[in-house]
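Here's a quick briefing to read with the structure open beside you. Take it one topic at a time.

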Amino acid sequence: MYVCSPLRGDIETNIRRAHGYCRFIIQRGELPLAPHAIFTAFLDDTIPQERRLGMALGIELLKRSDELWVFGKRITEGMRSEIEVAEERNIPIVYFDERCEKSTFHAEP
């Protein structure tokens, strides 16, 4: 399951949240993938070229994922890109709030 959640803003907090979303996915017997929580270990999101590279790598992983799981009520620019790719490729999208409860709310930018 591809984790789609915010990174920009409070990066440390957002990475910690992404780790929590991964744990939630593991507890459901699924395999989580949160590129934004992985690539930031060696790419600097504040450097435009490195951000673009990280996003491109993430999109390649998304294309190989079974589902896109969107967490939170706020959709960032990067998240919007991931959602659009999933829609174009007919990858199922599941929305959750920050507490990992399924949501019928489809967040807007």
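Which residue's side chain meets that of R64 in a salt bridge? The partner is E60, at 3.4 Å from N to O; a salt bridge here is a side-chain nitrogen of Lys or Arg within 4 Å of a carboxyl oxygen of Asp or Glu. Before you go on, note that this is a predicted model, where local features need pLDDT of at least 70 and side-chain atom pairs count only at pLDDT 80 or more, while totals for chains, interfaces and linings use all residues. Residues are numbered from 1 along each chain as its sequence is written, and side-chain values use heavy atoms, with hydrogens and water left out.

**Salt bridges**

- By the rule above, the count comes to four salt bridges.
- In the R64 and E60 pair, R64 is exposed with a relative accessible area of 63%, while E60 is partly exposed at 35%. The cut-offs are simple: buried means under 20% relative accessible area, exposed means over 50%, and partly exposed is in between (1.4 Å probe, protein chains only).
- Salt bridges that share partners also tie R8, D45 and R51 into one network.
- One link in that network joins D45 to R8, at 3.7 Å from N to O. This pair connects distant parts of the chain, 37 residues apart: D45 sits in the loop between α2 (35-38) and α3, and R8 in the loop between β1 (2-4) and α1 (11-27). Those labels come from DSSP runs numbered from the N terminus, with helices being H or I of at least four residues and strands being E of at least two.
- D45 counts as buried at 12% relative accessibility, whereas R8 counts as partly exposed at 41%.
- The side chains of R51 and D45 form another salt bridge, at 2.8 Å from N to O. R51 counts as buried too, with 12% relative accessibility.

**Where α3 meets α4**

- The axes of helix α3 (residues 48-62) and helix α4 (residues 77-88) come within 10 Å and cross at roughly 30°. Axes are lines fitted to C-alpha atoms, for helices over the stretch in contact, and angles run from 0 to 180 degrees between N-to-C directions.
- That makes α3 and α4 roughly parallel to each other, a label for angles under 35 degrees (over 145 is roughly antiparallel, 65 to 115 roughly perpendicular, and the rest oblique).
- On the α3 side, R51, M55, I59 and L62 make contact, and on the α4 side G78, S81, E82, V85 and A86 do. Contact means heavy atoms within 4.5 Å.

**I91 in its loop**

- You'll find I91 in the loop between α4 and β3 (93-96), and I91 is buried, with a relative accessible area of 9%.
- I91 and L62 are 29 residues apart in sequence, and their C-alpha atoms are 8.8 Å apart in space.
- Leaving aside neighbours within four places in sequence, I91 touches L62, K63, S65, D66, E67, L68 and A86.

**Two positive phi angles**

- Most residues other than glycine have a negative phi.
- N90 isn't a glycine, yet its phi is positive, near 60°. N90 lies in the loop between α4 and β3 and is exposed, with a relative accessible area of 69%.
- C100 isn't a glycine either, and its phi is positive at about 65°. C100 is in the segment after β3 and is buried, with a relative accessible area of 18%.
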